[in-house]
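Dear colleague,

I am passing on the structure we spoke about, and my notes on it follow directly below. Please read them with the coordinates open beside you.

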Amino acid sequence: MIYIIKKMYKAFGDFREINPDLRGIQPVFNKINIVNEYPDYNNDIESLKLAGIIHKKVRKHLQKKIKPGIKLTEITEIIETKTIELSDQNKTINKGIGFPASLSLNNCAAHFHPLSNDNISFNKDDVLKIDFGTEVNGWIIDSAFSVCFDRKYDNLLLASKEATYYGIKNAAVDVRLDEWGEGIEEVMTSYEVKINGNIQPIKPIKNLGGHNIQKGIIHGGIFLPSYKRETNDKFKEGVYAVETYASTNEDYAKPIEESTLYRLNPSNNNEGNNLLDNIKTHFNTLPFTDRYVESFSNNYKQELNNLVNKECIYSYPPLYANNSYIAQYEHTIYIDENKKILFSLNDDY
Ligand code: MN
Ligand code: MN
């Protein structure tokens, strides 16, 4: 039986109680017939709401199917099949897939996506971050949760969850990002976890964090730190992915293997390149993976690497922290002067 940290429900209850300003947050629980209810292309908020509803339905479906030994490729299949089923195929960019799921195990913090022939599975002793995206009218919902079968990771998951909630609660127009990040670190470091007999303090991974989202662009250029990072920047009106990574050891995650995740660089276009043209047609600026390219191109790898080297394509290699267990939670929100909308909140997280 999958264990999606039951304490999270309780944690959310506490969060409501001690934070009356949560009343300003509008969770979106609409029950609508999704494919018939696509909002107007230019209605950004309604598009995000629908993408959030699809995200919640996809993960609810997924959570019932996760069991020890499940292959990561099976998880991607479940996520993608359900996402496609719930999305209007006449109106999507890449079938409703906002980006390929990151399925990062244990000391891998982010950006692991299995190749089609990978045999890696999610086992009893693992902690897995499931981070996937849904897309409506170009707007991406970016939301992630952590799962494990062993309760020894409880506090690790809770630390990330509470830190992310802190971030959601305190995100508001004109809030300084350094102070906001400092608060996240305070919440995170108030936890410790006992894993295999060792009590370990929990800390945030500092080079990973939230970001703004623009239409069609998953990383809009603003970084939301999980520590007191030196900056004078403040939150402005907009869409943000609020995410934190709780680690038992290292506070820095680095790339050590090849990427399987990519995205078009919209400002560096190499006209007349066949592969690049195909990528643009199939994904526009949405992230993609090798498996998707395989569906329309055979010998693409060398050329893809060339395009990465020429910076026509960004790559996102998996990021690892040494000797660490890592948990992550993430929600997509909108803030302006008057309101805060939390698109991806549901009763699971
Ligand atoms: Mn994410
Ligand atoms: Mn994100």
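The manganese ion (ligand 1) in this predicted model is coordinated at 2.1 to 2.2 Å by Asp131 (OD), which is listed for two donor atoms, together with Asp142 (OD) and Glu330 (OE). Along the chain, the donors of this manganese ion (ligand 1) follow the spacing D-x10-D-x187-E. Within that set, Asp131 belongs to strand β6 (residues 127-136) and Asp142 to strand β7 (residues 139-148), a pair 11 residues apart that links distant parts of the chain. Both Asp131 and Asp142 are buried.

Asp142 also bridges the manganese ion (ligand 1) and the manganese ion (ligand 2), and these two ions lie 3.2 Å apart. For the manganese ion (ligand 2), the protein donors are Asp142 (OD), His211 (NE2), Glu243 (OE) and Glu330 (OE), which lie 2.1 to 2.2 Å from the ion, and their spacing along the chain reads D-x68-H-x31-E-x86-E. Because His211 lies in strand β11 (residues 210-213) and Glu330 in strand β19 (residues 326-335), this pair ties together parts of the protein that are 119 residues apart in sequence. His211 counts as buried, since its relative accessibility is 5%, under the 20% that marks the limit for a buried residue, and Glu330 is likewise buried, with a relative accessible area of 0%.

Turning from the metal site to the cavity search, the whole structure yields 1 cavity of 30 Å³ or more, and the largest cavity has a volume of about 40 Å³. Its lining is made up of Ile79, Glu80, Ile97, Phe99, Pro100, Ala101, Phe132 and Gly133. Helix α3 (72-86), strand β3 (97-105) and strand β6 each supply at least two of the lining residues, with β3 giving the most, namely 4 residues. By residue class, the lining of the largest cavity divides into 6 nonpolar, 1 polar and 1 charged. Strand β6 thus appears in both parts of these notes, as it holds the manganese donor Asp131 and also contributes to the cavity lining.

As for the protein as a whole, there are 8 helices and 20 strands, and 57% of the 349 residues count as buried. Among the contacts with a separation of 6 or more, 76% are made by residues 24 or more positions apart. The protein exposes about 15,000 Å², and carbon and sulfur atoms supply 44% of that area.

With best regards

Terms used:
Residues numbered from 1 in each chain as written. Chains lettered and ligands numbered in written order. Predicted model: local features only at pLDDT ≥ 70, side-chain atom pairs only at ≥ 80, totals over all residues. Heavy atoms only, no water. Donors = N, O, S within 2.8 Å, 3.2 Å for Na, K, Ca; no water. Buried < 20%, exposed > 50% of the residue type's maximum accessible area, 1.4 Å probe, protein only. Contact = heavy atoms within 4.5 Å. Areas by Shrake-Rupley, 256 points an atom, 1.4 Å probe, with all protein chains shown as cover. 1 Å grid on protein atoms, 1.4 Å probe; cavity = no way out; pocket = protein on both sides within 12 Å on 5 of 7 lines; lining within 4 Å. Points joined across faces, edges and corners; volume = space filled by probe spheres on them. Nonpolar A, V, L, I, M, F, W, Y, C, P; charged D, E, K, R; others polar.
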